[in-house]
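Ready for a few exercises on reading a structure? Try each task yourself before you look at the solution.

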Amino acid sequence: MISRRIKKSVSDHIVDIVVGAIVVVVFFMSVYPFYLSVVLSFNEGTDAASGGIYFWPRRPTLDNYIQLVSDVKWIKAFAVTLSRTVLGTAMTVFFTTIVAYGLSHSKLIGRKIYMGILLVAMYVSGGIIPYYAVLKALGLMNSFAVYVVPGMLNLFYVLVSIAFFKAIPQELEDSAQVDGARDLRIFVSIIVPIAKPLLATIAIFVSVGHWNAWYDSAFFVQNDDLRTLAYRMMATIQRSSTTQGTDISQAGIVSMITYTPLSVQLAAMVLAVFPILAVYPFFQRYIIAGITIGSVKG
Amino acid sequence: MKKSLVVRLLNQRWLQLFVLLGMAYLLIFSYIPMAGIVIAFNKYKLNSGIVGMFTSPFVGFDNFIEFFTDYQFGDLFMNTILMSVSKLFFTFPLPIVLALALNEVKNRKVKRTVQTVSYLPYFISWVIVYGFCNIMFTKNGVVNDLLAALGGARAAFLSEPGTFLPLAVFTAVWKETGWWAIIFLASITSIDLSLYDAAEVDGASRLQRIFYITLPGIRPTITVVLILALGNLMGGGLSGSKFQQEYLCGNSGNLERAEILQTYIMKVGLSKARYSYAAAAGLVQSVIGLSLVGISNFAANKLTGEGLF
């Protein structure tokens, strides 16, 4: 190795120090908020409100989690969020790729016009208010469907998928066609198996979006049974930030309750991040693949 | 022999069906709302439905005049632009710095670990980022304790107008730097390694290698990402999450700085049911967004001598 033989200059050492500092700071800043949330979620909420907890629980308890899982509101929120994530992701992946599959055929009559319609829709928008009016007129407002239907066609992933499908050899489809298979059959039994990495990539990003969504729940839904997890967390934080922390802790001492809405929310937050953390290592290669596909196309 | 159009259409009827379903979807969820922007010029009531968007009484530019003369307009305008520009200013260069730094880390395990944790925040909800702020930046939170220990004064980060912009920029940087660094790191790996060896033989220091090999090597990627970022300027920097962020962190304490066009439109339009007025404000927002993109493109042209579009 050449680098071993050449003596390090002063500036090289400075680079080492700066790089080391950046790496340590980035690592600590990325991890610490997650860590502190876990710590606080295992600490009595009334005690946590007085501050001063940095690295481990001061008054350890499971109360926040017990309170969380015994509260129907939170359970419902988890159920709604899980359903919309599973159903919404399946619908989006299927609809997006099947439209892209049609558009990927150069023999498709009217292809240029279709692509034009698509690109205009991608870059021009009427804004949120007319969109709201359309959702309302369609009767989607205040229903579960408003979570999964309006996002069914993801135009960015349509473009990514078209590029992917175009790279599949035409002979594969032709031979299936000779065997008498129809387009939907070809799509399901030949294209889908080849396109697994693509489908996985789209599924990851779409499902993360569903799992994290709160604004459709906030603006398009009034029924309290249909609230999503992220919405509930948001609402809890906003409500508790209008009341003073000390008031909550004093109320807690009087009534012998150790949790606060905020500490229960922290437990929910930890549980909400957990699935993302759990699948994260497995999906990393798709994540990298996804951003690379995206940057090539985008 | 060329088959007739009808025969060819029949042969591809399934493909046509797939695509037409997509087009029908776009008609409903994109094109009708696009045409619906006409409500900015009339007096629309929500219960008159889609047809009502086009048949409501025409009022010309009344909604726009009302918006421009509103006492809040100046603040909204300034906040929106200040927020967009300052976020871009930080969220765009910092991922490049992180990628360069990670590239200099020799220990592969350290490099991978730091990279992995740095883009984790990209995958969590803004609500959770808001939750993190709520435990880190409160009056007796970790950050204030640290400030106090260092002899500084405690600040009400979450409810003061003055701290809103720094906090918004900070959280945007926190959430997205690691993610965008991936692109730059991927681009760095495609640089020819023999260039580095040659530079080393010539006695170039590491800093010189960073500035004369690595940075020029990823220049095309930097340009592409800058285009993406500029296109998203009104959305708030790279990933366009400004609305969520401002809406979540804005409160009665900091609203004079936190309220931007996007949040204002949502509140006035949906909470106060002033649909036509909010649609007019939305149109103004789009026009400002387009001009910002144009201006920054012009500036980028002047600075780098390279056309973005």
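**Exercise 1: two helices across the chains**

Task: work out how helix α6 (residues 111–123) of chain A packs against helix α2 (residues 13–35) of chain B.

Solution. Start with the geometry: the two helices pack at an angle of about 30 degrees, and their axes are 11 Å apart. Here axes are lines fitted to C-alpha atoms, for helices over the stretch in contact, and angles run from 0 to 180 degrees between N-to-C directions. Angles under 35 degrees count as roughly parallel, over 145 as roughly antiparallel, 65 to 115 as roughly perpendicular and the rest as oblique. So α6(A) and α2(B) are roughly parallel to each other.

Next, list who touches whom. From α6(A) come Tyr114(A), Ile117(A), Leu118(A) and Ala121(A), while α2(B) brings Val19(B), Met23(B), Leu26(B), Ser30(B) and Tyr31(B). Being in contact means that C-beta atoms, placed from the backbone, lie within 7 Å. Last, sort them by class: eight are nonpolar, one is polar and none is charged. (Ala, Val, Leu, Ile, Met, Phe, Trp, Tyr, Cys and Pro count as nonpolar, Asp, Glu, Lys and Arg as charged, and the others, Gly among them, as polar.)

A note on the model: it is predicted, so local features need pLDDT of at least 70 and side-chain atom pairs 80 or more, while totals for chains, interfaces and linings use all residues. Residues are numbered from 1 along each chain as its sequence is written, and chains are lettered from A in the order in which they are written.

**Exercise 2: the whole contact**

Task: how many residues does each chain give to the contact, and which element of chain B gives the largest share?

Solution. Chain B gives 77 residues and chain A gives 75. On the chain B side, α2(B) supplies the largest share, with 16 residues. That side divides into 53 nonpolar, 18 polar and six charged residues.

**Exercise 3: chain B by itself**

Task: describe the make-up of chain B, then say how covered α8(B) is.

Solution. Chain B has 18 helices and zero strands; these are DSSP runs, helices (H or I) of at least four residues and strands (E) of at least two, numbered from the N terminus. Of its 309 residues, 39% count as buried. (Buried means 20 or more other C-beta atoms within 10 Å of a residue's own, exposed 12 or fewer, and partly exposed in between.) Now zoom in on helix α8 (residues 126–136) of chain B: 10 of its 11 residues are buried, including Trp126(B), Phe132(B) and Cys133(B).

Conventions:
Two residues are in contact if their C-beta atoms, placed from the backbone, lie within 7 Å.
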